[in-house]
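Good morning, colleagues. Today I would like to turn to the charged side chains of one protein structure and to the pairs that they form.

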Amino acid sequence: MKRIGKFHKISEEQFAADWKDTFGETAEEEIHQIYEALKLPRRATAGSAGYDFFLPMAVTLAPGQSVKVPTGIRAEMCDEWVLHIYPRSGLGFKYRLQMNNTVGIIDSDYFYSDNEGHIFIKMLNDSREGKCVELAAGMAFAQGIFLEYGITVDDDASESRNGGFGSTDRV
C-alpha cells in the first residue's frame, strides 16, 4: 500500500466562517462544540478502500431535499493523486442518497487554497419511494478514495489554484 496522504481538520476560524456561510448565524459555542467533535476520515477495516467521512450534525432529508455539509476536513496528498468522494454505498442502496455532483474530486493543490482546502459534500435524497433519510451526527455518510492519475505527454498546465467548486476554469 502506498501512503500518499493525510487528513487534517481545518482551523476553527475557517470552520466557523464556512458554517455560518452555509447555515446562517449560529452561536459561537455551538460551532465550537461541533468543531471539537469533528472526526478525521478513517477506514473501517484493513481491506476498505474508502475513508469514511462523518457528519458534523444530524441531518433529515425528505425526498428531493439536499444539504451542503461543511466537513471541517482537508486532505493533504502527494502530487499525481486525487481524492474521489462518493456516498456510502449502503445509504445509496437503501435511500438513493447521492452526491449532487455524482463524484467529488479533490485535487492535491486544493489543500493550499484560501479556504484551507475545506471539503464540502453536498448530498441529495433522490428517493423515488418517498423515504426520508435520517442521519445522526457522527455517522459515516460519505467515503473518500485516493487514486493515482496521469497526464498527457503534451500537457503544459502551469496555473495554480485558489478556491474550489469550479475555480480552475475561472479567468
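I shall go through the salt bridges of this structure.

Please keep in mind that this is a predicted model. To begin with the general idea, side chains of opposite charge can pair when their charged atoms come close. How many salt bridges does a search of the whole structure find? The search finds seven.

Let me take one of them, the pair of E148 and K2, whose side chains meet at 3.4 Å, N to O. Where in the sequence do these two residues lie? E148 belongs to strand β11, which covers residues 140–148, while K2 sits in the segment before β1 (5–9). The two are 146 residues apart in sequence, so this salt bridge ties together parts of the chain that are separated by that distance. As for accessibility, E148 is partly exposed, at 45% relative accessibility, and K2 is exposed, at 57%.

I move on to D126, which forms a salt bridge with R128. Here the closest N and O atoms are 3.5 Å apart. R128 counts as exposed, because its relative accessibility is 65%, and the cut-off for that class is over 50%.

A further salt bridge joins the side chains of E129 and K131, at 3.8 Å from N to O. Is E129 buried or exposed? With a relative accessible area of 56%, E129 is exposed. Its partner K131 is partly exposed, at 34% relative accessibility.

Finally, there is a network to mention: K20, E25 and E28 are joined into one by salt bridges that share partners.

How values were computed: Residues numbered from 1 in each chain as written. Predicted model: local features only at pLDDT ≥ 70, side-chain atom pairs only at ≥ 80, totals over all residues. Heavy atoms only, no water. Salt bridge = Lys/Arg side-chain N within 4 Å of Asp/Glu carboxyl O. Helix = DSSP H or I, 4+ residues; strand = E, 2+ residues; numbered from the N terminus. Buried < 20%, exposed > 50% of the residue type's maximum accessible area, 1.4 Å probe, protein only.
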